[in-house]
Amino acid sequence: MQRVALGVVVLGASALVAQGGQVPPTPKRLFVDSVVASVNDSAILQSKLFDTVSGSVLGAEAQAGRQMSLNEVFGMAMRDLRSLVNNYQMAQAARSFGNIPPDRFNMILESELERDKEDRRRDLGGWGELSAELERTGQTWRTYANGQRIEKLQMLAEQFSIYERLRKQSNLYLTPKMLRDTYAEYRDTFVRDAMAQVSVVTFRGDDAAERAQAASDRWADAVLTAREVAEEFGPATPLLSMRAKSLQPRLRDFALEGPVGNVSQPIPRPNGMIDVVKVMQFLAARDGKFADPEVQAELRRIASDKVLREFREQALARAKQRTEVWVYQNGRRVPMR
């Protein structure tokens, strides 16, 4: 995609990074917006993109435990703009999916919009409260209704082009051969040895046994990293992430028993050092046969998800053929690549 997203969210992205991912307060009286892209006659506003990127940044920072860089925020903006465009393309193509007469389609759409409107009013307590909420979030009723219309059109597009097709044709796709092929492809999911990822703290010194025991007791009851344990009960050496299969036999045997969070008693080494192990990730051994009922259920879910992805990709490809996308860069409208 062109780097249009970088220009339109540069100030907002900088603000997000500067404030640790916190969304800057919305002005109370003045709202300035611009169009970053259009799909047929529907515009994607900068505020819509900024709201989406804000959520992505907050989620990424929570998962990574650190602040996102400006380049990372820009990358999210590019990805989120593409995702928004895809959604708008599905929405714009909704009327061409399925075999529903135009008047019937419009009736379904208006019914969905009215239901959403009533649900929102009921949740907030009344029309006055709904208006106040829209003002607080910097929306007018028109912009809110347009956004809801796009969401409902996208929902109907997926319903007609994906889920109805899946419902009618699932038996054609989930054949015994497909299930066996899926079992072969995902065999490691059903047949595997136990696997574990552990943290290890190694103690040394004359009083290593006493400190290792205290560390074991403390680690079992507290959410601490190996580094924090080593600092509290050192001198000690932390290893933050080790595969169980790479460990010495006594440590490996303990780790492969699981479960997650299990902490060992001190395990002495021949050289006088002492290890304490905590299981951080664990997968039990499994020997699932193709005919097992639980394996069959999983295979059907995996195969259905695979068919669903294929149907969605096909629907989006059709939608792209029926829509025209433009992006706005430096005040100029250019085709989206």
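## Salt bridges and an aromatic cluster

The side chains of D119 and R122 come together in a salt bridge, with N and O 2.6 Å apart. Keep in mind as you look around that this is a predicted model. The structure holds 14 salt bridges, and a search of the whole structure also turns up 3 aromatic pairs. Below is a friendly walk through some of these contacts, along with helix α7, which carries one of the aromatic residues, Y183.

**A salt bridge within helix α4**

- D119 and R122 both belong to helix α4 (residues 102-124), where they sit 3 residues apart, about one turn of the helix.
- D119 is partly exposed, at 28% relative accessible area.
- Its partner R122 has a relative accessible area of 51% and is exposed, because the cut-off for that class is over 50%.

**A salt bridge between α12 and β8**

- E298 and R286 also meet through their side chains in a salt bridge, at 2.6 Å from N to O.
- E298 lies in helix α12 (residues 293-321) and R286 in strand β8 (residues 286-287), so this pair ties together parts that are 12 residues apart in sequence.
- Are these two partners buried or partly exposed? E298 counts as partly exposed at 21% relative accessibility, and R286 counts as partly exposed at 22%.
- Buried means under 20% relative accessible area, so the values of 21% for E298 and 22% for R286 put both in the partly exposed class.

**A salt bridge between sequence neighbours**

- R79 forms a salt bridge with D80, and the closest N and O atoms are 3.2 Å apart.
- R79 is partly exposed, with a relative accessible area of 47%.
- D80, in contrast, counts as buried at 7% relative accessibility.

**The two sides of helix α7**

- Which residues of helix α7 (residues 176-185) are buried? They are M178, L179, T182 and Y183.
- These buried residues lie on the same side of α7, because they cover an arc of only 140° around the axis.
- On the other side of α7, the exposed residues are P176, K177, R180 and A184.

**The aromatic cluster around Y183**

- Among the 3 aromatic pairs is the one between Y183 and F190, which is stacked, with 5.6 Å from centre to centre and 20° between the planes.
- Y183 also pairs with F290: the ring centres are 5.7 Å apart and the planes stand at 80°, so this pair is edge-to-face.
- Y183 is in helix α7 and F290 is in the loop between β8 and α12, so their pairing ties together parts that are 107 residues apart in sequence.
- Ring pairs thus link Y183, F190 and F290 into a cluster.
- How accessible is each ring residue of this cluster? Y183 counts as buried at 13% relative accessibility, F190 counts as buried at 0%, and F290 is buried with a relative accessible area of 17%.

**A charge over the ring of F290**

- The ring of F290 has another contact to look at: the charged end of R180 sits over it, 4.0 Å from the ring centre.
- R180 is one of the exposed residues of α7, whereas F290 is buried.
- Helix α7 thus reaches F290 through the ring of Y183 and through the charged end of R180.

Note on methods
Residues are numbered from 1 along each chain as its sequence is written. This is a predicted model: local features need pLDDT of at least 70, side-chain atom pairs count only at pLDDT 80 or more; totals for chains, interfaces and linings use all residues. Side-chain values use heavy atoms; hydrogens and water are left out. Buried means under 20% relative accessible area, exposed over 50%, partly exposed in between (1.4 Å probe, protein chains only). Helices (H or I, at least four residues) and strands (E, at least two) are DSSP runs, numbered from the N terminus. The arc is that of the directions from the helix axis to the C-beta atoms. A salt bridge is a side-chain nitrogen of Lys or Arg within 4 Å of a carboxyl oxygen of Asp or Glu. Rings of Phe, Tyr and Trp (its six-membered ring) pair if their centres lie within 6.5 Å; planes under 30 degrees apart count as stacked, over 60 as edge-to-face and the rest as tilted. A charge sits over a ring if NZ of Lys or CZ of Arg is within 6 Å of the ring centre and within 35 degrees of the ring normal.
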